[in-house]
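Reader: I have just opened this entry and would like a friendly tour. Could you show me the structure before I start asking?

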Amino acid sequence: MPDIIQLLPDHVANQIAAGEVVQRPASVVKELLENAIDAEATSIQLIIKDAGKILIQVIDNGKGMSQTDARLSFERHATSKIKKAEDLFNLHTKGFRGEALASIAAIAHVDLKSKQENQEIGTCIKIEGSTVVSQENASTSKGTSVAVKNLFYNIPARRNFLKSNAIETRHIVNEFQRITLAHPNISFSFYHNENEVYHLSTGNLRQRIVAIFGKKTNEKLVPINEVTDVIEIKGFVTKPEFAKKKRGEQFFFVNDRFIKNAYLNHAVSSAFESLLSNGYFPTYFLYLKVPTKSIDINIHPTKTEIKFDDEKTLYAIIRSTIKHSLGQYNVAPILDFQRDASMDTPYEFKGKKSGTPKISVNPDFNPFKNEEQKSTKFQYKSEKTPEWESLYTGIDVHAIEVDVEPVTSSLFSESTSNSKTYQVHKKYIVSSIKSGIVYINQHLAHQRILYEEFLENITVKEAMSQQLLFPLEISFNKSDIVLIKEIKEDLESVGFLFDKILDDTIVIKGIPVTITESQITIIIEQLLEDIKNDIPDASFSQLDVMAKSLAKSLAIKTGTRLDLKEQEEIVNKLFMCKQPDLSPFGKTTFITIDIDEIDKKFNN
Ligand code: ADP
Ligand code: MG
């Protein structure tokens, strides 16, 4: 048999590569704008005709290219941005693959003009379908202009698949917005069929957002600002009342690069939890800076997905930063008791030991008060996690005042020793508070408590597990086993320990401390059911479903008698929750009745 393998000719290889890089005119816009930014341009023009189908041109005032580089830039894997493999872990440019120009030139007519600052005369190259048609001297100003004409002229199938001008233009506008939002220090203009669509002068972030989305946006923005060791977050979210029915304006930038990340998106949404009604999405513009070493941009050719080293920590930081900012701007609802600073403590910080309690001088100290009423100031030693400190802008972390008494001490009118709770109809826990009376639904409140405990275990802490004396075998059908394998890691993070997972049986050797052995089968079955019904797409929503499902299964039921200690525990734990007023499924967990209202009833 003769040998049959051949190397593909370059122009064919380029066309194949082009299929990955260039899906539509907007992809060309993105690549050309990014090249201009990498060339350190301060002013960039985008000109398109007929939704980019006829012409896409980007003109920049960046550093330009020499004659040889201009020619080389169209070779595949030709790049000036990385030299060796290690550079991939220290990227400061948008491009690095050296594929874009080669790919574009394989499927369009390209005119490139470029001149470096110190050159007398520039160069002009014309390429059609990977073939250089001409290269000559040209008089041009400093910088580069790339004009891409007749995209997909040699791939009719692709060209025919392009959508209407309106849709392709929308894609281009989206790319343009993502890039211009990431670079407010560069001026941009955008012309479509000779009409100016955008003219964006340089300015700060707020000015750029307003320039793109309109003057009204200004009043809607709540600033976000947080610096920790692992991440720096700045940007804006919009106030909940301006939330949108569509998922539209949600922007994450990591090191000035637009990214999509369902997990981090969930962190933002969950910070808005219960401030938005169902079906509404928060608008946000969030700029994250992380060490280049901690991300991997290389996993997707069009580079909107990136991988972080430690997503769970980022999740917790983003969520609590946004919650904090919404709170500071008085956007979040204010409950009728004083929130203790410790209640806003992010999970990780809360999980840490407080170190040796150090008693400092308390100016309010009154030696004649009862013993129980004295409060001690704990010195929070932030040990290994200095990054959390900065979460408390305006609060001196080194002297966070933590009452030794439960947090509810500020909620209940008298000192805890005589603040009694009662159970009514084996359903509600009733107690007197400063402003009147609180009724707590025991089942819903307990759901909230368990839900947050599970989430905390999943996202941050090591869960507590109890070893079973005898490993427990449970049978499942094959498809359930597949699902269990998928969520095994998550189950472990809440405290399940697996001995084996076989084809139709699982063997469990440890369970979360909150569960008793007899409940396991029912709980796992319920969990699988819930996950199947929810069809979660992002990994986090699966965790969320799991936490909800477990909370629902395990919460104290209505009709259960609670002794005083159990009642108090529910009250205390509920008000230490981040979102005490709602169950994980959005139901009201407690109501309060003001003393005024009660007074009124007597004054008839
Ligand atoms: P990459 O951006 O991944 O390096 P490209 O194919 O987009 O690959 O570009 C190849 C090379 O051409 C770049 O590395 C850069 O040196 C040069 N280049 C492209 N566009 C410009 C520009 N607008 N200004 C200056 N140099 C450019
Ligand atoms: Mg590039």
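Reader: Which helices each supply at least two residues of the shell around ligand 1?

Author: Happy to start there, with the reminder that this is a predicted model. The shell around ligand 1 draws on residues from helices, and two of them each give at least two: α2 (25–38) and α4 (100–106).

Reader: Which residues come nearest to ligand 1?

Author: There are 19 residues around ligand 1. By class, eight of that shell are polar, seven nonpolar and four charged. Those that come nearest are N35, T79, S80, K81 and G98.

Reader: Which residue has a side-chain N or O atom 2.9 Å from a nitrogen atom of ligand 1?

Author: Ligand 1 has oxygen atoms placed by the backbone: one is 2.8 Å from a polar backbone atom of G98, and an oxygen atom is 3.3 Å from a polar backbone atom of A100. For the nitrogen atom, the partner is in a side chain, and that residue is D60.

Reader: How much of ligand 1 does the protein bury?

Author: Picture ligand 1 taken alone, where it exposes 530 Å². Of that area, the protein buries 92%.

Reader: Now for the aromatic rings. Why is the pair of F213 and F251 called tilted?

Author: A pair of aromatic rings is described by the distance of the centres and the angle of the planes. For F213 and F251, the centres are 6.0 Å apart and the planes are at 50 degrees. Planes under 30 degrees apart would count as stacked and over 60 as edge-to-face, so with 50 degrees the pair is tilted.

Reader: How many residues apart are F213 and F251?

Author: This pair links distant parts of the chain. F213 sits in helix α7 (residues 205–213), while F251 belongs to strand β11 (residues 250–254), and the two are 38 residues apart.

Reader: Is F251 buried or exposed?

Author: Its partner F213 has a relative accessible area of 21% and is partly exposed. Buried means under 20%. F251 has a relative accessible area of 5%, so F251 is buried.

Reader: Which strand holds F285, the residue that F251 also pairs with?

Author: F251 and F285 form a stacked pair, with 5.6 Å centre to centre and 10 degrees between the planes. Both F251 and F285 are buried. The two are 34 residues apart, and F285 lies in strand β13 (residues 284–289).

Reader: Which residues form one aromatic cluster with F213 and F251?

Author: The structure holds 14 aromatic pairs. F213 and F251 belong to one cluster together with F253, F258, F285 and Y287.

Conventions: Residues numbered from 1 in each chain as written. Chains lettered and ligands numbered in written order. Predicted model: local features only at pLDDT ≥ 70, side-chain atom pairs only at ≥ 80, totals over all residues. Heavy atoms only, no water. Phe/Tyr/Trp six-rings, centres within 6.5 Å; stacked < 30°, edge-to-face > 60°. Helix = DSSP H or I, 4+ residues; strand = E, 2+ residues; numbered from the N terminus. Buried < 20%, exposed > 50% of the residue type's maximum accessible area, 1.4 Å probe, protein only. Near = heavy atom within 4 Å. Polar contact = N/O pair within 3.5 Å; in protein donor to acceptor, adjacent residues only side chain to side chain. Areas by Shrake-Rupley, 256 points an atom, 1.4 Å probe, with all protein chains shown as cover. Nonpolar A, V, L, I, M, F, W, Y, C, P; charged D, E, K, R; others polar.
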